[in-house]
Amino acid sequence: MSLVTPLQFSCVQPKFYRGAYPKEINLPFLKTLRLKYIISLLAEPITNDPVIAEFCEKEKIEPVLMQCLDDKSKSKDKVKSKDKDKSKVKRKKKPVPIEYDVVVQCIKFLIDKNHYPCYIHCSTSNTEVTSLVVACLRKLSYWSTVSIFNEYMTYTSSINIHERNFIENFNLDINIEGIKPSDKVSWIIVRSKQHSGKRAQSKQSSTNSEGPPQLNPPKMPLPTLTFHND
């Protein structure tokens, strides 16, 4: 039996995979990954699909819902009654279909090395959601702005001003609770506020970063992680 990968499948980091909403034909391939978790950036649990639910139960995979409202499909219904030129204008003005809270939830889950192997996906109508989450994650690995946007456009073919702003302005102070620093995955770098100067950033980037080589520290504002083990 031939194995068929999900559309836009790739490896984000070791044992961390991304791709499109899995179809039944993709399940034999996903089985080979020996997944512990499937992270769904959806409005409803992926287990509402009985085929996926049976697969997860059989393979002892835990589905994790990071809830995103499927606004794009609703907007398409409204656009049908309007001419094509107006629909293009609406597309340019539409904000991104994800909130920072969802990205933070993903980080808090993905920072734990015990949550791998895992697969992350979004819906067929909001295909850029996974790319937005991965782009924000790349900032935690000190990828350059150019590298982040180039990877983003590999999967989306383009990037609009709202998506650029969403990625560039992701610079939250994120509190991590219940996880020891020793359980942190190596590709997420802890950036201390006390060492946020350019020299410290450059040193951390050159020693800890995984991904494309960084000639210079990223110019975008960066998020900060704070561990609370009590």
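## Close-ups of the sheet and the cysteines

**View 1. Strands β3 and β5 side by side in the predicted model.** Here β3 (residues 37-41) runs parallel to β5 (residues 118-122), and 5 bridges link the two. For a concrete spot to zoom in on, take Tyr37: its bridge partner in β5 is Cys118. As a reminder, strands in a sheet pair through backbone hydrogen bonds, in a parallel or an antiparallel way.

**View 2. The whole open sheet, strand by strand.** Pull back a little and there are 5 strands, ordered β1-β2-β5-β3-β4, with mixed pairing. The edge positions go to β1 (10-13) and β4 (62-65); each has a single partner strand, so one side of each has no neighbour in the sheet. On average, neighbouring strands here are turned by 25° against each other, ignoring direction.

**View 3. Cys122 and its closest cysteine sulfur.** Which cysteine holds the sulfur closest to that of Cys122? That would be Cys68, but at 8.1 Å the two sulfurs are too far apart for a bond, given that a disulfide needs them within 2.5 Å. Cys122 is also buried, with a relative accessible area of 5%.

**View 4. Cys136 and its closest cysteine sulfur.** It's a similar story for Cys136: the closest cysteine sulfur belongs to Cys106, 9.5 Å away, and that is too far for a bond. Is Cys136 buried or exposed? Buried, with a relative accessible area of 0%. A disulfide is a covalent bond joining the sulfur atoms of two cysteines. The tally for this structure is 0 disulfides.

Conventions
Residues are numbered from 1 along each chain as its sequence is written. This is a predicted model: local features need pLDDT of at least 70, side-chain atom pairs count only at pLDDT 80 or more; totals for chains, interfaces and linings use all residues. Side-chain values use heavy atoms; hydrogens and water are left out. Two strands pair if DSSP finds at least two bridges between them. Helices (H or I, at least four residues) and strands (E, at least two) are DSSP runs, numbered from the N terminus. Axes are lines fitted to C-alpha atoms, for helices over the stretch in contact, and angles run from 0 to 180 degrees between N-to-C directions. Buried means under 20% relative accessible area, exposed over 50%, partly exposed in between (1.4 Å probe, protein chains only).
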